[in-house]
Amino acid sequence: MGTAQITAERFERLAEAGRRPNVMLQILPYQAGAHQAMTGSFTVVGFPASSDLDVIYLENMSSGLCLEDAVNVRRYVSVFDYLRAAALSPADTATMLMNALNTLA
């Protein structure tokens, strides 16, 4: 949404974030096709201590929901792992962003 300049600024911010040591940025291209996460976004909240279980956070326009039961957490983590495997590598993602920026310039 927005002008080419606004889109370029967004791509620049993403590329900048992807260069940070604590950020891994990956783009899932359209060629990857349909996947289980198309029903909506979710966040996997992980914790450093192995004794603390992951939590799944779902949010929509009117509310948020935390899923803590192991079955649901495993299901969402599995989908997230699939998305990471199907997405471009961080290096290829950076290249794609730079190519898109050059196209907008």
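## Close-ups of a predicted model

By class, the residues around the largest pocket come out as 7 nonpolar, 1 polar and 1 charged. The model behind every view here is a predicted one.

**Figure 1. The largest pocket and what lines it.** Here's the space that lining wraps: about 290 Å³ in the largest pocket. Part of the lining is a run of neighbours in sequence, Met-24, Leu-25, Gln-26, Ile-27 and Leu-28. The rest of the lining is Phe-80, Leu-83, Arg-84 and Ala-87. Which residues give the 1 polar and 1 charged in the count? Gln-26 is the polar one and Arg-84 the charged one. Rolling a probe the size of a water molecule over the atoms shows where empty space is left.

**Figure 2. The second largest pocket, lined by 7 nonpolar residues.** Its volume is about 160 Å³. Ile-27, Leu-28, Pro-29 and Tyr-30 line the second largest pocket, along with Met-96, Leu-97 and Ala-100. How many polar or charged residues does this lining have? There are no polar and no charged ones. Keep an eye on Ile-27 and Leu-28: both names turn up in the lining of the largest pocket and in that of the second largest pocket.

**Figure 3. Leu-28, in the loop between helix H1 and S1.** Helix H1 covers 4–18, and Leu-28 sits in the loop that runs from there to S1. Is Leu-28 buried, partly exposed or exposed? With 30% relative accessibility it's partly exposed, because that class lies between the 20% and 50% cut-offs. Skip the neighbours within four places in sequence, and Leu-28 is in contact with His-35, Leu-83, Ala-86 and Ala-87. Two of those contacts, Leu-83 and Ala-87, also line the largest pocket. For a sense of how the chain comes back around, look at Leu-28 and Ala-85: they're 57 residues apart in sequence, yet their C-alpha atoms are 9.3 Å apart in space.

**Figure 4. Phe-11 in helix H1, with its partners from further along the chain.** Neighbours within four places in sequence aside, Phe-11 is in contact with Leu-97, Ala-100, Leu-101 and Leu-104. Pick out Leu-97 for a distance check: it lies 86 residues from Phe-11 along the chain, and the two C-alpha atoms are separated by 6.2 Å. Leu-97 and Ala-100 should look familiar, since both help line the second largest pocket. Phe-11 itself has a relative accessible area of 24%, so it's partly exposed.

**Figure 5. The open sheet, with 3 strands in the order S1-S2-S3.** Pairing throughout this sheet is antiparallel. Strand S1 (43–45) and strand S3 (64–67) are the edge strands, each pairing on one side only. From one strand to the next, the twist averages 25 degrees. S1 is joined to strand S2 (residues 55–59) by 3 bridges, while 4 bridges join S2 to S3. Between S2 and S3 the chain makes a hairpin through 4 residues.

**Figure 6. Bridge partners, strand by strand.** On the S1 side, Thr-43 has Tyr-57 of S2 as its bridge partner, and Val-44 has Ile-56 of S2. Which residue of S3 is the bridge partner of Tyr-57? That's Cys-66. So Tyr-57 of S2 is bridged to both sides, because it pairs with Thr-43 and with Cys-66. Further along S2, Glu-59 has Gly-64 in S3 as its bridge partner. As a general point, in a regular strand the side chains alternate between the two faces of the sheet.

**Figure 7. Val-45 in strand S1.** What does Val-45 touch, once residues up to four places away in sequence are not counted? Asp-54, Val-55 and Tyr-57. Val-45 is partly exposed, at a relative accessible area of 30%. The C-alpha atoms of Val-45 and Val-73 are 9.9 Å apart in space, though the two residues are 28 apart in sequence.

**Figure 8. Helix H2 across the sheet.** Helix H2 (residues 70–86) lies across S1, S2 and S3 and runs at about 75 degrees to S2. Val-71 belongs to this helix and is partly exposed, with a relative accessible area of 48%. How far is Val-71 from Leu-97, C-alpha to C-alpha, and what is their separation along the chain? They're 26 residues apart along the chain and separated by 36 Å. Compare Phe-11 and Leu-97, which sit 86 residues apart along the chain with their C-alpha atoms separated by 6.2 Å.

Definitions and conventions. Residues numbered from 1 in each chain as written. Predicted model: local features only at pLDDT ≥ 70, side-chain atom pairs only at ≥ 80, totals over all residues. Heavy atoms only, no water. Pairing = 2+ DSSP bridges. Helix = DSSP H or I, 4+ residues; strand = E, 2+ residues; numbered from the N terminus. Axes fitted to C-alpha atoms, helices over the stretch in contact; angles between N-to-C directions. Contact = heavy atoms within 4.5 Å. 1 Å grid on protein atoms, 1.4 Å probe; cavity = no way out; pocket = protein on both sides within 12 Å on 5 of 7 lines; lining within 4 Å. Points joined across faces, edges and corners; volume = space filled by probe spheres on them. Buried < 20%, exposed > 50% of the residue type's maximum accessible area, 1.4 Å probe, protein only.
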